[in-house]
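I opened this notebook to record what I looked up in the structure, one entry for each place I stopped.

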Amino acid sequence: MRGFHPWQSTLNRIVYLKEQLDAGFDGWIFYLDADAYVYGQSYDVRRLIRAGGADFYFAPGGLTGKHWDVNAGVFLINLGTQAGKDLANAWYDHFMSTSEDELREAREWNMVADDQERLHDLLRHRQDLRDRLAIVPREFFNDQKATFVRQLLRANAETGE
């Protein structure tokens, strides 16, 4: 979608959200990375949405424990709310601030900010977005043994050797 090197495909989720907004989509998007899947198929995700009262849902990210430290591998976002639109547009604008030349030169991971780092930056600096964010427990949403959505992170994968 935008980029030059395989690792930059992680940025595609940002462009995808913007494309959906531009096409007039105004509902929920349930995003899952290629290494994630719905394990608890009997769970009705609308329960989570109704109970949480938020405009976007993420699992915790790293070890900081901060409200902005989320994992972007699995998330729900409501593009029908102003906060959902604001997050998608701000994430896109943040990505577009990186030039084509910078992307071309960024052959290795973290030579430019990745999707999650950009999301963290936005959430760290925008209280209005943090106010609309719900953190879903990792044991339920976005872990290799989660009860609803499982994700096998590269860092945690076993090779079987």
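**Entry on Asn-142.** I began with the contacts of Asn-142, and leaving aside residues up to four places away in sequence, I found that it touches Ala-59, Asn-71, Gly-73, Val-74, Val-149 and Gln-151. The model I am reading is predicted, so I keep that in mind for every value below. Asn-142 is found in strand S6, and I count it as buried because its relative accessible area is 3%, under the 20% cut-off. Among the residues it touches, Asn-71 stands out in my notes, since the side chains of Asn-142 and Asn-71 make a polar contact of 3.0 Å.

**Entry on the sheet around S6.** Which strands make up the open sheet that holds S6, and in what order? I read three strands in the order S2-S7-S6, and their pairing is mixed. Strand S2 (36-38) and strand S6 (141-143) are the edge strands, each pairing on one side only. Direction ignored, neighbouring strands of this sheet are turned by 25° against each other on average. I then followed S2 to strand S7 (residues 149-151), where three bridges join the two strands and the run is antiparallel. One bridge I wrote down has Val-38 with Val-149 in S7 as its partner.

**Entry on strand S4.** Is strand S4 (residues 70-78) enclosed or open? Nine of its nine residues are buried, so I describe S4 as largely enclosed by the rest of the structure. Strand S1 (residues 28-32) pairs with S4 in the antiparallel sense over five bridges, and there I noted Leu-76 in S4 as the bridge partner of Phe-30. Strand S3 (residues 56-60) also pairs with S4 in the antiparallel sense, over five bridges, and in that pairing Phe-56 has Ile-77 in S4 as its bridge partner.

**Entry on helix H1.** I listed the buried residues of H1, which are Arg-13, Ile-14, Val-15, Leu-17, Lys-18 and Leu-21. To make sense of such a list I recalled that an α-helix has 3.6 residues a turn, so residues three or four places apart point the same way. What covers the buried residues of H1 includes S1, S4, helix H3 (82-96) and H5. After H1 comes Gly-24, and its phi is positive, near 90°.

**Entry on Asp-115.** I turned next to helix H5 (residues 115-125), where Asp-115 is found. Is Asp-115 buried or exposed? With a relative accessible area of 4%, Asp-115 is buried. Not counting residues up to four places away in sequence, it touches Thr-10, Leu-11, Arg-13, Ile-14, Ala-72 and Trp-91, and a polar contact of 3.2 Å joins its side chain to that of Thr-10. I also compared positions in sequence and space: Asp-115 and Asn-12 are 103 residues apart in sequence, while their C-alpha atoms are 8.5 Å apart.

**Entry on His-5.** His-5 lies in the segment before H1, and at 19% relative accessibility I enter it as buried, because the cut-off is under 20%. Leaving out residues up to four places away in sequence, His-5 touches Leu-103, Arg-104, Ala-106 and Arg-107. From His-5 to Lys-18 I count 13 residues in sequence and 21 Å in space, C-alpha to C-alpha.

**Entry on aromatic rings.** How many aromatic pairs does the structure hold? I found 10. For the pair of Trp-7 and Trp-109, the ring centres are 5.2 Å apart and the planes stand at 65°, so I record it as edge-to-face. This pair links distant parts of the chain, for Trp-7 is in the segment before helix H1 (12-22) and Trp-109 in the loop between helix H4 (100-105) and H5, 102 residues apart. Trp-7 is buried at 11% relative accessible area, whereas Trp-109, at 37%, counts as partly exposed. Elsewhere, ring pairs link Phe-30, Tyr-43, Phe-140, Phe-141 and Phe-148 into a cluster.

**Entry on charges over rings.** Last, I looked for charged ends placed over rings. The charged end of Arg-2 sits over the ring of Phe-95, 4.7 Å from its centre, and the charged end of Arg-150 sits over the ring of Tyr-39, 3.4 Å from its centre.

Note on methods
Residues numbered from 1 in each chain as written. Predicted model: local features only at pLDDT ≥ 70, side-chain atom pairs only at ≥ 80, totals over all residues. Heavy atoms only, no water. Helix = DSSP H or I, 4+ residues; strand = E, 2+ residues; numbered from the N terminus. Buried < 20%, exposed > 50% of the residue type's maximum accessible area, 1.4 Å probe, protein only. Contact = heavy atoms within 4.5 Å. Polar contact = N/O pair within 3.5 Å; in protein donor to acceptor, adjacent residues only side chain to side chain. Phe/Tyr/Trp six-rings, centres within 6.5 Å; stacked < 30°, edge-to-face > 60°. Lys NZ or Arg CZ within 6 Å of the ring centre and 35° of its normal. Pairing = 2+ DSSP bridges. Axes fitted to C-alpha atoms, helices over the stretch in contact; angles between N-to-C directions.
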